[in-house]
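Look at the sequence and the model below. The paragraphs that follow take up a charged side chain first and a link between two cysteines second.

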Amino acid sequence: QVQLVESGGGLVQPGGSLRLSCAASGSILSINGMGWYRQAPGKQRELVATITISGRTYADSVKGRFTISRDNAKNTVYLQMNSLKPEDTAVYYCNAEGYYSGLYPTPFGSWGQGTQVTVSS
């Protein structure tokens, strides 16, 4: 099994910055992709950014402000968020997909517990 633990959320003023981290642990063989999603009150969960061997993708609403990066040695993904806006307020969730070592290589898809980001003056 694979567990994801997020950190780095909090309260920030508009225009400020935050850096989220998400560390994956368990009997991981490989991680194909990692990503960040968010869910605001009363809204559906939406994609923020993903990173795979093929590259990075971003939601239009965060392009130019957010940067996703990954440390493969630590099985950790980061989301650097700059120029934050009140509409960025949401619970941010980390996601990872890959393979873990059971009796044989087994695919997994895991979610973190979420971290709250609040942008307000």
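Glu 6 is buried, yet this residue forms no salt bridge. In this predicted model, the nearest side chain of opposite charge belongs to Arg 45, at 7.6 Å. A salt bridge would need a side-chain nitrogen of Lys or Arg within 4 Å of a carboxyl oxygen, so Arg 45 at 7.6 Å does not qualify. Glu 6 is part of strand 1, which covers residues 2-7.

What does the side chain of Glu 6 reach? One partner is the backbone nitrogen of Cys 94, at 2.6 Å. Another is the backbone nitrogen of Gln 113, which lies 3.0 Å from a polar atom of the Glu 6 side chain. Leaving aside residues up to four places away in sequence, Glu 6 also touches several others, among them Ser 21, Trp 36, Tyr 92 and Thr 115. Cys 22 and Cys 94 are both included in the residues that Glu 6 touches.

These two cysteines lead to the next feature. The structure holds 1 disulfide, and this bond joins Cys 22 to Cys 94, with a distance of 2.1 Å from S to S. The link is left-handed, with -80° about the S-S bond. Cys 22 sits in strand 3 (residues 18-26) and Cys 94 in strand 9 (residues 90-101), so the pair ties together parts that are 72 residues apart in sequence.

Are the two ends of the link buried or exposed? Cys 22 counts as buried because its relative accessibility is 0%. Cys 94 is buried too, with a relative accessible area of 0%.

Notes:
Residues numbered from 1 in each chain as written. Predicted model: local features only at pLDDT ≥ 70, side-chain atom pairs only at ≥ 80, totals over all residues. Heavy atoms only, no water. Disulfide = S-S within 2.5 Å. Helix = DSSP H or I, 4+ residues; strand = E, 2+ residues; numbered from the N terminus. Buried < 20%, exposed > 50% of the residue type's maximum accessible area, 1.4 Å probe, protein only. Lys, Arg positive; Asp, Glu negative; His and termini not counted. Polar contact = N/O pair within 3.5 Å; in protein donor to acceptor, adjacent residues only side chain to side chain. Contact = heavy atoms within 4.5 Å.
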